[in-house]
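Here is a short report on one protein chain. Look at the sequence and the structure first, then read on.

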Amino acid sequence: MTNDTAQVHGANRLLTTPFTIGSLTIPNRTVMTPVGTNLADPDGTPGKRLTAYWMERARGGCGLLVSEIIRVNEVHGAGLPRQLALTRDEHVAPLREAIEQIHSTGTKFLAQLHHPGSEGIPPLCADGVTVSPSGVVVRTTKAPTRELTTDEVEGLVGDFIQAARRAKEAGADGVEIHGAHGYLVCQFLSPYTNRRTDRYGGDFDGRMRFVTEIIEGIRKVCGPDFPISVRISASEMMETIGEPGVGITVEEGARIARRLEEVGVDLISVSTGTYETGTTIIEPINTPRNWRDPIIRAVRDAVSIPVMGTSITRMPSQAEQMLQDGLVDLVAMGRSWLADPQWGVKAIEGRDDQIVRCMGCMACFQALGSGPIICALNPRCGHESEFPPLPARDLEGRSALVVGGGPSGCEAAEQLALRGADVVLTEATDRIGGQVRPGCNPPGKEPMSWVIDNYEQRLRRAGVEVRLGTVMTADAVRGFGADVVVVATGAVPFRPALPGMNLPQVVEAIDVLRGDAEVGRRVVVVGSGMTGLETAELLHQRGHEVIGVYEMADTIAPGAFRQNVESVASHLRAAKIPLQTGHKLLEVTPDQAIFGTAQERVEVPCDTVVTAIGMRPNAALGQELATEGVEAVPVGDATGVARVAEAVASGFRAGRTAAVHA
Ligand SMILES: Cc1cc2nc3c(=O)[nH]c(=O)nc-3n(C[C@H](O)[C@H](O)[C@H](O)COP(=O)(O)O)c2cc1C
Ligand code: SF4
């Protein structure tokens with residue numbers, strides 16, 4: 001197939017055609033794969049918040065919505081603190097209510113049945129210990145785990161079957177068994193984690209027995225027509241941590257899929273990885289789109305039942321190509337639906353350019369560590385019941401001025417315009433985007449540019465007047481006389497007062513990324529946050545000799561999300577660029593950067609010192625306005641430096657709630 005085929009628009013796309021699996025007809029080919037949300041009510045029922053989140057995606061044209069992980073066992077089966085459960089018959093009626101609402105839109109629903117095994121959360125296990133086929137500890141979490149007895153394994157088979165029965169009683173269109181990502185079912189399938197000597201281990205047949213008994217049991221209880229999907233890690237990707245051939249390889253994954261077809265499964269959902277190879281489950285920003293296609297293809301070629309698989313699919317043309325190529329029958333995407341719940345409707349109507357594309361920042365995944373789901377680009381994600389899609393038009397005839405065109409300013413401006421205000425957004429540089437602009441330039445960070453493209457057209461559609469190259473003073477703001485003023489002046493680099501910091505060979509990382517700094521051959525990068533790491537990678541790629549990245553703290557990128565850090569740090573290690581911790585910058589001389597460690601003074605010869613020590617709020621305008629008594633709402637980095645996620649959220653809230661001053 002050619003690319004032209006995939007450029008078919010709107011309703012003519014294969015993507016928009018129905019697809020039938022046994023008794024189930026899905027209205028189009030789009031699937032939202034399971035995404036844990038931490039939004040369920042504490043009793044394991046969907047409640048208002050999770051239902052509103054689902055409904056948003058159902059109304060947005062999602063053909064098949066697969067629930068997040070559902071708990072099947074209350075003793076050691078928790079995967080999230082606020083998780084759906086089908087462990088008791090009382091769970092059926094509330095889930096039925098939510099599914100009825102989903103069905104009213106035409107969207108179909110699968111319940112994903114899950115047990116975390118050794119990837120569980122010890123404090124959520126009854127005796128503080130996770131369970132697993134053979135007591136193999138997950139090396140990333142190091143959570144204590146114990147081997148299940150044969151009786152317990154049989155009990156767990158029953159738990160999955162009973163949960164499937166309840167799902168069917170609740171009106172689910174089928175179930176998906178979570179056999180991927182190193183969770184319990186996957187642990188039984190994998191020769192790395194299954195070292196049992198009873199009938200649930202040993203050879204391939206033994207490793208397949210746990211999932212086979214679950215499938216056969218569900219068939220018996222739910223009937224021959226009840227669709228069963230199994231999500232598999234078609235490769236555990238152990239080669240990415242230096243252990244090729246260990247665990248489930250692609251060949252083993254294809255063999256598992258073939259056996260699943262033989263035992264009567266209706267659909268295979270292809271994923272990869274375990275917690276130990278986590279960036280191959282949920283991929284960071286610098287992972288190439290369609291990277292998983294060859295693995296999906298291996299499964300596809302092994303079976304004749306329908307197949308779907310995530311592969312960082314972000315645009316309808318990309319999805320269409322996968323369908324046209326016969327790679328998949330359904331287009332599986334998780335995060336695309338977080339960033340844009342309207343993905344399906346926009347694809348069907350051919351409004352591809354309006355899709356807010358997930359950029360892969362991982363803020364959604366990181367959020368689950370401490371609370372409910374968020375999306376950096378969709379501030380309503382997880383708050384659907386709190387904020388309607390569109391605000392009331394309560395600012396008709398009013399004017400608003402937004403100073404600063406970073407993500408927080410753009411978001412605030414759009415919301416104010418949607419409320420009916422005449423909005424002017426001023427931006428000091430020649431394009432909107434703020435810190436996102438230099439952020440696009442390191443290797444693999446191109447998806448950040450989608451954010452700017454998207455805001456440009458959203459502001460146009462909302463009727464916001466954007467004035468580029470416009471610096472606003474407090475006088476100018478006062479003179480403007482807007483009814484609402486939002487200050488989104490962003491952040492400026494922080495430079496410590498150390499000897500030599502004013503030398504010309506000291507440059508800011510942000511200026512390097514912007515292309516505004518002259519950089520010599522031998523470079524030292526000071527500060528190992530994401531900006532420091534990414535700048536080091538960019539300079540290495542451009543042929544500079546990066547002598548090292550030096551960090552004062554005793555870990556690289558303290559505070560940053562580990563998966564993001566690893567996605568760049570692994571490249572630096574491969575390029576043999578030292579990542580030095582415990583090195584505090586003391587001084588810069590014309591040909592050296594001088595650091596202090598706990599033991600010694602370290603002199604590092606270099607031509608350029610790139611500082612990535614952090615940013616501080618650019619609060620000057622806000623403070624001046626406050627002094628002069630001009631009411632203004634500060635948003636984004638101007639209030640406290642953070643990620644795109646926080647900037648967008650603060651711009652959204654300000655734009656939605658800002659009141660007209662007297
Ligand atoms: C926050 C978050 C939670 C997830 N929870 C689940 C889950 O409950 N079950 C599951 O099978 N996959 C889960 N996934 C994986 C996604 O379904 C999907 O496979 C992955 O995000 C890669 O696809 P994408 O780039 O289209 O999102 C989760 C992903 C994210 C980002
Ligand atoms: S938070 Fe980031 S990774 Fe997650 S869906 Fe939104 S844009 Fe994508």
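## A pair of strands in an open sheet

Start with one pair of residues: Ala-400 stands opposite Val-423 of strand 15. Keep in mind that this is a predicted model. Strand 14 covers residues 399-403, and strand 15 covers residues 422-426. The two run parallel, and 5 bridges join them.

What packs on the sheet here? Helix 13, residues 407-418, does. This helix touches strand 14, strand 15 and strand 17 (484-487). The direction of helix 13 makes about 170° with that of strand 15.

Now step back to the whole sheet. Its 5 strands come in the order 16-15-14-17-28. The pairing is parallel, and the sheet is open. Which strands stand at the edges? They are strand 16 (465-467) and strand 28 (633-634). Each has a single partner strand, so one side of each lacks a neighbour in the sheet.

## Strand 20 and its partners

Move along the chain to strand 20, residues 522-526. This strand is mostly covered, with 4 of its 5 residues buried.

Strand 20 pairs with strand 21 (residues 545-550) in the parallel sense, over 5 bridges. Within this pairing, Val-526 stands opposite Tyr-550 of strand 21. Helix 18, residues 530-541, joins the picture too. Together, strand 20, helix 18 and strand 21 make a right-handed β-α-β unit.

Strand 20 also pairs with strand 26, residues 608-611. That pairing is parallel as well, over 4 bridges. Here Val-525 has Val-610 of strand 26 as its bridge partner.

## A close look at Ala-612

Where is Ala-612 found? This residue sits in the loop between strand 26 and strand 27 (615-617). Is Ala-612 buried or exposed? Its relative accessibility is 15%, and buried means under 20%. Therefore Ala-612 counts as buried.

Which residues does Ala-612 contact, leaving aside its neighbours within four places in sequence? They are Ala-509, Val-526, Gly-527, Thr-531 and Gly-532. Val-526 has already appeared above, opposite Tyr-550.

Val-485 makes another reference point. Ala-612 and Val-485 are 127 residues apart in sequence. In space, their C-alpha atoms are 32 Å apart.

## What the record adds

UniProt, in an unreviewed entry, places the feature "domain: FAD/NAD(P)-binding" at residues 463-624. Over residues 463-624, the chain is 27% helix and 30% strand. The end C-alpha atoms of this stretch are 29 Å apart.

Notes:
Residues are numbered from 1 along each chain as its sequence is written. Chains are lettered from A and ligands numbered from 1 in the order in which they are written. This is a predicted model: local features need pLDDT of at least 70, side-chain atom pairs count only at pLDDT 80 or more; totals for chains, interfaces and linings use all residues. Side-chain values use heavy atoms; hydrogens and water are left out. Buried means under 20% relative accessible area, exposed over 50%, partly exposed in between (1.4 Å probe, protein chains only). Two strands pair if DSSP finds at least two bridges between them. A crossover is right-handed if, with the strands pointing away from the viewer, the path from the first strand over the helix to the second runs clockwise. Contact means heavy atoms within 4.5 Å. Axes are lines fitted to C-alpha atoms, for helices over the stretch in contact, and angles run from 0 to 180 degrees between N-to-C directions. UniProt positions are given in the numbering used here, feature names are shortened, and annotations may be inferred rather than shown by experiment.
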